[in-house]
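Visitor: Could you take me slowly through one part of this model, looking closely at a helix, the sheet beside it and the charged side chains around them?

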Amino acid sequence: MCHVCVVESVKERMLSRRDLFKGSLAGAAAAATATVSVNAPAMAATPTKVADMTHELSGEFPTYFGQPGFASEQRFNFKENGFNLLTMNVNEHTGTHLDAPLHFSADGQSVAEIPVENLVVPLAVIDIREKASGDDEAQVTPDDLKAWIDRNGPMPDRCCVALHSGWDKLTATPKFRNADDQGVMRFPGFHVEAAKMLIEETTAVGLASDTLSLDIGSSGDFATHYAWLPTNRWGIENIANLDQVPKAGATLVVGAPKHRGGTGGPSRIFTLM
């Protein structure tokens, strides 16, 4: 068979398979649409939109300890080497990142050991922007969780519950860390009783905060971290763009790193709607 004939044959097969794939997708979408209830689904059944929930990582991004948590160096460049390559030095808990259970426990799951099915989950957004506008250390409380449940129904199975304070819009300002002369920071977080309620009454697997910590800024005991992470649940800190997603019905996808023994790491996080 001639070379041209082979190419044309391959093209025909690819086009045929692509048409079949399109037909399968259309059928699946129609079936999914037919089964959607009037209430918001726990997860996005047939997503049509994607929202990026990740801040860009750089050496300028604010950190909990106030020191740069990320640096990169160009080791190869396209002009001289024909390709680009950077080496990175990064603190695991920098930028939009995951807290693995091991971060605050002696023997919890490392970031590499978190089951992948726990990283693609329904998202429940708790909006406390009104409280946070008048209180730098506003907290998600059990009452906030109950109010969400009253409006949206039970917390979805194996969901992530996200704190939306609007703090993600402050990352380029000193207000994001909001530290006083003694270095004490003040920003919103989860009340430990809210974490305990989720542990005892739901199957939630994740917490997410648009601030530097799951706990309020001035916390000295990290009560929420110590209540939540040792139960082999994870946390996300510095999540972005919660104003772009619904309070219920979206699917969160956590692109966590997978390094052995890791206590967390910068993650590419997005939401399907």
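**A close look around helix H4**

Guide: In this predicted model, Asp-144 has a relative accessible area of 18% and is therefore buried, since buried means under 20%. The side chain of Asp-144 meets that of Lys-131 in a salt bridge, with 2.8 Å from N to O. Because Asp-144 belongs to helix H4 and Lys-131 to helix H3 (residues 129-134), this pair ties together parts that are 13 residues apart in sequence. Lys-131, for its part, is partly exposed, with a relative accessible area of 35%.

Let us turn from the charged pair to the sheet. An open sheet of nine strands, with mixed pairing, follows the order E1-E13-E11-E5-E7-E9-E10-E4-E12, and its edge strands, E1 (50-52) and E12 (264-266), each pair on one side only. Helix H4, which spans residues 142-152, packs on this sheet, where it touches E5 and strand E7 (160-164), and its direction makes about 110 degrees with that of E5. Strand E5 (residues 120-127) runs antiparallel to strand E11 (residues 250-255), and four bridges join the two; Pro-122, for example, has Thr-251 in E11 as its bridge partner.

One more salt bridge completes the tour: Asp-127 pairs with Arg-129, their closest N and O atoms being 2.7 Å apart. Asp-127 counts as partly exposed at 29% relative accessibility, and Arg-129 counts as partly exposed at 38%. Together with Lys-247, these two residues are linked in a network of salt bridges.

Terms used
Residues are numbered from 1 along each chain as its sequence is written. This is a predicted model: local features need pLDDT of at least 70, side-chain atom pairs count only at pLDDT 80 or more; totals for chains, interfaces and linings use all residues. Side-chain values use heavy atoms; hydrogens and water are left out. Two strands pair if DSSP finds at least two bridges between them. Contact means heavy atoms within 4.5 Å. Axes are lines fitted to C-alpha atoms, for helices over the stretch in contact, and angles run from 0 to 180 degrees between N-to-C directions. A salt bridge is a side-chain nitrogen of Lys or Arg within 4 Å of a carboxyl oxygen of Asp or Glu. Buried means under 20% relative accessible area, exposed over 50%, partly exposed in between (1.4 Å probe, protein chains only).
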